[in-house]
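Morning, everyone. I have one structure to show you today. Have a look at it first, and then I'll talk you through it.

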Amino acid sequence: MPSRSEIIEALRAVIDPELRRDIVSLGMVRSVEIAPDGRVSVVVALTTPGCPIRAQFERSVRQVVSGIEGVASVDVAFDVLSPEEKQRLQQQLGRPQGLPDGALAQVANVICVASGKGGVGKSTLTANLAAALFAEGHRAAALDADVWGYSIPRMLGVHGRPRVSAQRKIVPLVAHGGIRVISIEFFLSERDQAITWRGPMLHKALRQFLEDVEWGELDYLLIDLPPGTGDVSMTLAQLLPQARFLIVTTPQPAAQSVAKRAAELARRYGLEIAGVVENMSAFVAPDGSRHAIFGSGGGEALAEELAAPLLASVPLQPELRACADQGKPLVLVDPDAPASQAIRHAARGLVAEMPPAPPSLASPARGAGISGTPLPMAH
Ligand SMILES: Nc1ncnc2c1ncn2[C@@H]1O[C@H](COP(=O)(O)OP(=O)(O)OP(=O)(O)O)[C@@H](O)[C@H]1O
């Protein structure tokens, strides 16, 4: 007959994908019972009753326990952590001020787009990636958290003031037929009013963007972080234990150490790096000649150092800027342009790594499919 300690030891291999720790050290194993004939029953306590990753837990528990000698069968049941247990868990994880349960329950994937310094094209990529994901049929949204340099509304061509729903939630504005957008710009009294928010006020605004916005069902929520590793990025990394970071860098090898800081911030909060995108790679002139204006190799070197995939190298292309200035992402205007192809490739890499919500959550607000040449799936 297997022993209880053997089973507990095996359960340490079951990792909560959101909290990124094993269920034993998280205190989520509520009980283990072993019958004389080798039948084992395990009860796992989850953070929320409707935990979308329940099936994954069940599979993993079954798998690790059934591998123990003497186990005849495995029963897995679920319970929910009590408010006190949850509070203890949040303290243990150093996240005393997390979002309330279910704040982003209908958002399958959160991607924070980060860079070590400004001007590397982080906002351009956020806007175009959201558009590429939407055009590929996914429900995508962009949250502009670059509070001092907000540019997502301009790049997606959407301005105005969001309305408040009957449930007293802020309704995102919609760009290009379905990309949901929230930006600090929508809440300012004048378009170019300088933002002087700091500390607690900023923290409150960011919480509100996540908690009080009716994001609805989403496959991808892309968050444009401010450059660097300041207050906003830290607050969001703390509030979003499920988020992954996408690091944007330029090709010059010297940019690598700066870009790495954004990755270090993610890792400090236990968040995974979804990948690296190199932007402003070699410009290809109309005569076909390549001009590596910002050098080359930086993206690859950073990806290697972070052990994360290089999702794309996006070339310098004047049309990418021109379209962004007109509020029309290049990926929608000209999906076959070299920069569009690279961004679409990055989008597909993200989809391969972070699948959209299962079709049972499907709603009509999906993109209609991109009309450009199909791209091969990223690895
Ligand atoms: N691959 C590219 N080719 C041509 N222009 C680009 C490319 N990527 C970005 N740009 C342009 O470079 C400028 C800076 O880009 P963007 O505003 O996206 O950078 P950022 O990293 O978000 O900057 P910050 O966060 O400091 O505001 C913009 O005018 C943008 O249109």
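I'll go from the domains to the sheets, then to one helix, and finish at an annotated site.

A word of caution before we start: this is a predicted model.

Domains, then. The domain assignment splits the protein into domain 1, residues 4-93, and domain 2, residues 107-353. Taken over C-alpha atoms, their centres are 36 Å apart.

Next, the sheets. One is an open sheet of three strands, in the order 3-4-5, with mixed pairing. Strand 3 (29-34) and strand 5 (73-80) are its edges, each pairing on one side only. From one strand to the next, the twist averages 15°. Helix 1, residues 4-11, packs on this sheet. Helix 1 touches strand 3 and strand 4, and its direction makes about 140° with that of strand 3.

Look now at strand 4, residues 39-46. Strand 4 and strand 5 pair in the parallel sense, over eight bridges. One pair to pick out on your screen: Val40 has Val74 in strand 5 as its bridge partner. Helix 2, residues 54-66, lies across strand 4 and strand 5. Helix 2 runs at about 145° to strand 5.

On to the other sheet. This open sheet has eight strands, in the order 8-9-7-10-6-11-12-15, and again the pairing is mixed. Its edge strands are strand 8 (173-175) and strand 15, and each of them pairs on one side only. Neighbouring strands here are turned by 25° against each other on average, direction ignored. Inside the sheet, strand 11 (residues 244-249) pairs with strand 12 in the parallel sense, over six bridges. Leu246 stands opposite Gly275 in strand 12.

Now helix 12, residues 338-353. The helix has 16 residues. From first C-alpha to last it reaches 23 Å, close to the 22 Å expected at 1.5 Å a residue. Helix 12 lies across strand 6, strand 12 and strand 15, and runs at about 165° to strand 15.

Why is helix 12 described as largely enclosed by the rest of the structure? Because 12 of its 16 residues are buried. Among them are Ile343, Arg344, His345, Arg348 and Leu350. So charged side chains are on that list too, if you want to click on Arg344 and Arg348.What covers those buried residues? The cover includes strand 6, helix 4, strand 12 (272-281), strand 15 (310-315), helix 10 (318-325) and helix 11 (330-333).

Last stop, the annotated site. Under "binding site", an unreviewed UniProt entry lists Gly116, Lys117, Gly118, Gly119, Val120, Gly121, Lys122 and Ser123. I'll take two of these in turn.

Start with Val120. Where is Val120 found? In the loop between strand 6 (107-115) and helix 4 (122-135). Is Val120 buried or exposed? Buried, because 23 other C-beta atoms lie within 10 Å, and the cut-off for buried is 20 or more. Leaving aside neighbours within four places in sequence, Val120 is in contact with Ser115, Val248, Thr249, Thr250 and Asn279.

Then Lys122, which is found in helix 4. Lys122 is buried as well, with 28 other C-beta atoms within 10 Å. Not counting residues up to four places away in sequence, Lys122 touches Val113, Ser115, Asp224, Pro227 and Val248. Ser115 and Val248 appear in the contacts of Val120 and in those of Lys122.

That's the tour. Questions, please.

Conventions: Residues are numbered from 1 along each chain as its sequence is written. This is a predicted model: local features need pLDDT of at least 70, side-chain atom pairs count only at pLDDT 80 or more; totals for chains, interfaces and linings use all residues. UniProt positions are given in the numbering used here, feature names are shortened, and annotations may be inferred rather than shown by experiment. Helices (H or I, at least four residues) and strands (E, at least two) are DSSP runs, numbered from the N terminus. Two residues are in contact if their C-beta atoms, placed from the backbone, lie within 7 Å. The expected span of a helix is 1.5 Å times one less than its number of residues. Domain bounds come from an automatic or database domain assignment. Two strands pair if DSSP finds at least two bridges between them. Axes are lines fitted to C-alpha atoms, for helices over the stretch in contact, and angles run from 0 to 180 degrees between N-to-C directions.
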